[in-house]
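Dear colleague,

I am passing on the structure that we spoke about, and would be grateful if you could look it over when you have time. The sequence and the coordinates come directly below.

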Amino acid sequence: MPEASLPTVRDERTLLVDYLNAQRGHILGALDGLDDEALRRPMLPSGWSCLGLVQHLTLDVERFWFAGVMAGDRAVLDALEASGNAWGVGADVPADTVLDAYREEIARSNAEIAGLDLSASPGFWPEGMFGSWHPESLRRVILHVIVETAGHTGHLDAVRELIDGRQWLVLTEG
C-alpha cells in the first residue's frame, strides 16, 4: 500500500509535520489487519514484537521528544525513566489500548509542534543521555523523530512480510 500522497507546500512546518504524519500513518497501516497474536508475537530473539514497537514509539519517541524535551515536562521524563522498558507490553494490556495510545500521543505531539516556533529550544534536556549530542531546536527534534519513525517503518515492513507475506509498497517495472 502506498503512503498517503503529500501535498506540495511552501511552509516548512507543514512540510515537516506532513512527512512525520506520513511515517506515523505507515506504522499504523503496516499493522492493519493483524490479530492480537500476530501483534504480540516475538519476532526477534530479544522478544521484539510489533506491539512493543508501537509502545516504544508512543513513550520513548513521541512522549519523550515532544512532551518531555520540547515542552520541558520533567514529570513525563521521570515517569518514562521509572516505567522501565517501553518495549514490554503486558499480556493484560489490550492491543487496541496500545494502538489508541499511539494515536493520542501523536495528537498531543502535533499540538505541541503547533504551539512552538521551529527554532524554539528544548524546554529541558537530559544531559549526557545521548553523549554530547542534543537538538538545538524543534526543527531538529521533528527531523530526528521523522528519521527514527521511518527506520521503524522498515522494521515493520520486514516483519509484516514474515508474518503473512503482505508488502507495503511493491515497485514493478513499467
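What follows is a summary of what was found, going from the whole chain to three individual residues.

Please bear in mind that this is a predicted model. The mean pLDDT of the chain is 90, and 92% of its residues reach 70 or more. Among the elements, helix α5, which covers residues 95-114, has the highest mean pLDDT, at 97, while the lowest, at 80, belongs to strand β1, residues 129-132.

As for the fold, the chain has 6 helices and 1 strand, and the order of these elements, read from the N terminus, is α-α-α-α-α-β-α. The radius of gyration is 17 Å, close to the 16 Å that the globule rule gives for 174 residues, so the chain is as compact as a globular protein of that length. Taken along the principal axes, the box that the C-alpha atoms fill is roughly 45 × 45 × 30 Å. If one considers the contacts in the chain with a separation of 6 or more, 76% of them come from residues that are 24 or more positions apart.

Turning to burial and surface, 41% of the 174 residues count as buried. The chain exposes about 9,400 Å², of which carbon and sulfur atoms supply 54%. There are 13 positive and 27 negative charges, and the mean positions of the two sets are 3 Å apart.

Three residues may be useful as places to start when you inspect the model. The first to mention is V141, which lies in helix α6, residues 138-164. With a relative accessible area of 0%, V141 is buried, because the cut-off for that class is under 20%. Leaving aside residues up to four places away in sequence, V141 touches W65, F66, M70 and P135. The C-alpha atoms of V141 and V69 are separated by 8.8 Å, although these two residues are 72 residues apart along the chain.

The next is D36, which has its place in helix α2, residues 36-40, and which is partly exposed, with a relative accessible area of 38%. Between D36 and D96, which are 60 residues apart along the chain, the separation of the C-alpha atoms is 9.0 Å.

The last is L44, found in the loop between α2 and α3, the latter being residues 50-70. L44 also counts as partly exposed, at 46% relative accessibility. In sequence L44 and V159 are 115 residues apart, whereas in space they are 9.6 Å apart, C-alpha to C-alpha.

With best wishes

Definitions and conventions. Residues numbered from 1 in each chain as written. Predicted model: local features only at pLDDT ≥ 70, side-chain atom pairs only at ≥ 80, totals over all residues. Heavy atoms only, no water. Helix = DSSP H or I, 4+ residues; strand = E, 2+ residues; numbered from the N terminus. Rg over C-alpha atoms; globule rule 2.2 N^0.38 Å. Buried < 20%, exposed > 50% of the residue type's maximum accessible area, 1.4 Å probe, protein only. Contact = heavy atoms within 4.5 Å. Areas by Shrake-Rupley, 256 points an atom, 1.4 Å probe, with all protein chains shown as cover. Lys, Arg positive; Asp, Glu negative; His and termini not counted. Charge placed at Lys NZ, Arg CZ, Asp CG, Glu CD. pLDDT = per-residue confidence, 0-100.
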